[in-house]
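Subject: Handover of a structure

Hello,

Here is the structure I promised to pass on. Please open it alongside this email; my notes follow below.

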Amino acid sequence: MAFAIAALISPFTSAAPQLTRDNGAPVGDNQNSQTAGQNGPTLLQDVHLLQKLQRFDRERIPERVVHARGTGAHGVFVASNDVSALTRAKVFAKGTETPVFVRFSTVIHGNHSPETLRDPRGFATKFYTSEGNWDLVGNNLPIFFIRDAIKFPDMVHSLKPAPETNVQDPNRFFDFFSHQPESTHMLTQVYSDLGTPKGYRFMDGHGVHAYKFVNAAGNVNYVKLHWKSLQGIQSLTGPEATAVQGKDFNHASNDLVNAIKAKQFPRWDLYVQVLKPAELSRFDFDALDATKEWTGVPETRVGTMTLNRNPANIFQETEQSAFAPSNLVPGIEPSEDKLLQGRVFSYADTQMYRLGANALQLPINQPRVVATNHHQDGAMNPGKRTGNVNYEPSRQFPLTVDATFKPSQLPLSGSTLQQRIAKTLNFRQAGEFYRALPAQQQKNLVANLAGDLGQVKDEEVRYTMLSHFYKADAAYGTALAAALGDKVAQVASRAKALAD
C-alpha cells in the first residue's frame, strides 16, 4: 500500500519506491502543478494536485467533544486472583494475559490545550479479551459532577468556552453548578491538587460507576473498579502547574512517552469493591449515585496492568481509538446508575458520529476475535463480507445464539417515573474529603477554588456555591468566604437552610 511507504524501502538497495496516487498510479511530478502555459491558470485535470488537497482537507476527523486532549499507550493486563465466584469474564481468569490500550486525557479542553489545566483526567482502558473487547472508561477521580445523564450536555456546555467570547468562564459553569448541589463533592476534589496531576503515570483511575459482575451460575454482585498507580499519586500545586505550563504544556504526554522509551514501564494494580444486591440499601445515600464513593467497602486486588509500548502512529491508534461503556463482555454488565445508563448510549453514538458506523473495524478498535453479524455497508467499510444472506435467522447460513450469554434478570416493581433519587446526601462526602486533606492541601484547595469563584459577578450564584461548600464543612466554607471577602454569616445562614 502507498501509505506504508517507509516500510517498503529495503536496507539492501538504494532504489527508492515509486511515489503514487492513492489508486496506485505513479506520479510524474510532485513539485509543480499543471497549468495552461507558463503563466496560465491551474488545470482542473491535475488529479494528483486535487487528490493531495482533498486528502489534506480531510486529515482531521471531528474532535472529541470531551476528552479531546489525550495520549495513549499499549500494554498488558495480567489477572492475579481467582474471582470466578464473582464473574464469568475470562479476562479475570487467574494468570490470563490480556492486551490493552489505554488513553489518558483531559476532559473539557480542546486538542493541543495545555495538560496543566485544572480538569478531571480520563482513564480509558480497552481490554482485547478472548470474548471481545471490554472498555473500562473512567477518570482519575472516583466520582462525578452530576448523577443523571440528562444533565450531561448542559454541564459540558457550561464548562466549554462561552459562545460569545470562546473563553471558558467561571460565571457560566458556577451558574450551572449552583443548581446542582450534588456537584459539591466533585468540585472539591477537582479543585484540590488532584485536579492537576504531575503526569498520567502518577494518578489513579476509577470506573466511577457501579457495574454488575455476573458469575457462571447467573448470580449478580455490584462492583466498583479502581486502578491504583504503583508510581504513587503525585500532583502539581497551582504555582507549580503555572511554572510547568510555561516550560512544557505537553508535560504529561512527554512524561509517559519518555518513561516507556526508557523502559520504565508504568504499572497499575486493579482493585474491585463488591456489594451484594441486598447490601445496596445499607447506605444512607443511593449506592448507585455516581457522585458518591463506597466508603468502608474493602477492595480486593484482581490484577496488574503494565504499559510497555508507545503508539507507532498517533492518529491511527490514539486519535482513532474509540471507547464506550457499551463495549462489555459476558460476566460484566451496567448497573442501574442513571449516569451510566446514559453513557452506555452516548459514548458509542459519539464514536459512530466521529469515526463512522464502522469505527470498530479500525485496527485499534478491532476485537482480537472474529466479529460475526449482519451489520453491513456504511462509509469506510473495509470488511470482506461475501454471500447472499445478510439477515438472521437463516437456514442457508445459520448462526448460533447461546442463551447462556443472555444478560442477568432484574426484578422490577412500581411505575415509570421522572424524579430525582430519594437519598441524595449531596454534601457529606465533600466534607469528609476536605477534612482528610493535610492542612497545606486544604489551603491549596481554597486558593484554587477562590481563584475561579472570585470571578463570579452574580452574588446569588456566588453565595449559593459558598453555602454548598459551607454545608460540606463549616471551616471549608468559612475559609473560602474569607478568601473572597464575602459575608460568612450570610453563607452560614444559607447553608443552614440546605438539606443534605
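First, a term for what comes next: two strands count as paired if DSSP finds at least two bridges between them. Please also keep in mind that this is a predicted model.

**Confidence**

The protein chain has a mean pLDDT of 93. A pLDDT of 70 or more is reached by 97% of its residues. The exception to flag is residues 1-13, where the pLDDT is below 50. That stretch has 6 contacts in the model beyond near neighbours in sequence. Where pLDDT is low, the predicted coordinates should not be read in detail.

**Strand S6 and its partners**

Start at strand S6, residues 211-214. Tyr211 and Phe213 point one way from S6, and Lys212 and Val214 point the other way. All four are buried.

S6 pairs with strand S7, residues 220-229, through 4 bridges. The two strands run antiparallel. They form a hairpin, with 5 residues between them. In the turn, Gly218 has a positive phi of about 90°.

S6 also pairs with strand S10, residues 332-334. That pairing is antiparallel too, over 3 bridges.

Phe213 is a handy landmark here. Which residue is the bridge partner of Phe213 in S7? Asn221 is that partner. In S10, Phe213 stands opposite Ile332.

Now look at Asn221 itself, which sits in S7. Is Asn221 buried or exposed? Its relative accessibility is 8%, so Asn221 counts as buried. Setting aside residues up to four places away in sequence, Asn221 touches Tyr211, Lys212 and Phe213. Asn221 also touches Leu86, Val274, Leu275, Lys276 and Pro277.

**The annotated active site**

The UniProt record is an unreviewed entry, and its "active site" annotation covers His67 and Asn139. These two span 73 residues in sequence, yet no two of their C-alpha atoms are more than 10.4 Å apart, so they gather at one spot.

His67 is in the loop between helix H1 (47-57) and strand S1 (70-79). Its relative accessibility is 13%, so His67 counts as buried. The phi of His67 is near 65°, a positive value in a residue other than glycine. Not counting residues up to four places away in sequence, His67 touches Asn139, among others. Its further contacts are Arg103, Ser105, Thr106, Val107, Gly122 and Tyr347.

Asn139 is placed in strand S4, residues 132-139. It is buried, with a relative accessible area of 7%. Outside the four places on either side in sequence, Asn139 touches His67, Phe144 and Val208, among others. Its contacts also include Arg121, Asp204 and His206.

Val208 is worth a look too. It lies in the loop between strand S5 (205-206) and S6. At 6% relative accessibility, Val208 counts as buried. Val208 has a positive phi near 65°, in a residue other than glycine.

**Nonpolar cores**

In soluble globular proteins, nonpolar side chains tend to be buried together. Here the largest nonpolar core has 44 residues. Which of its residues touch the most other members? They are Phe144, Phe145, Met155, Phe174 and Phe177. Several helices each supply at least two residues of this core, including helix H2 (152-159), helix H3 (170-177) and helix H11 (459-472). H11 gives the largest share, 6 residues. The core draws at least three residues from each of domain 1 (70-361) and domain 2 (427-497).

Phe144 is in contact with Asn139, leaving aside neighbours within four places in sequence. The other contacts of Phe144 include Phe152, Met155, Met186, Val208 and Leu339.

A second, separate core has 34 residues. Its members include Phe77, Phe213, Val223 and Leu340.

**Two last items**

The unreviewed UniProt entry places a "Catalase core" domain at residues 20-400. The end C-alpha atoms of residues 20-400 lie 45 Å apart. That span is 20% helix and 20% strand.

Lastly, a cis peptide bond runs from Glu392 to Pro393, with omega near 10°. Pro393 is in the loop between helix H8 (338-355) and H9.

Best wishes

Note on methods:
Residues are numbered from 1 along each chain as its sequence is written. This is a predicted model: local features need pLDDT of at least 70, side-chain atom pairs count only at pLDDT 80 or more; totals for chains, interfaces and linings use all residues. Side-chain values use heavy atoms; hydrogens and water are left out. pLDDT is the predictor's confidence in each residue, from 0 to 100. Contact means heavy atoms within 4.5 Å. Buried means under 20% relative accessible area, exposed over 50%, partly exposed in between (1.4 Å probe, protein chains only). UniProt positions are given in the numbering used here, feature names are shortened, and annotations may be inferred rather than shown by experiment. A nonpolar core is a set of buried Ala, Val, Leu, Ile, Met, Phe, Trp, Tyr and Cys residues joined through side-chain atoms within 4.5 Å. Domain bounds come from an automatic or database domain assignment.
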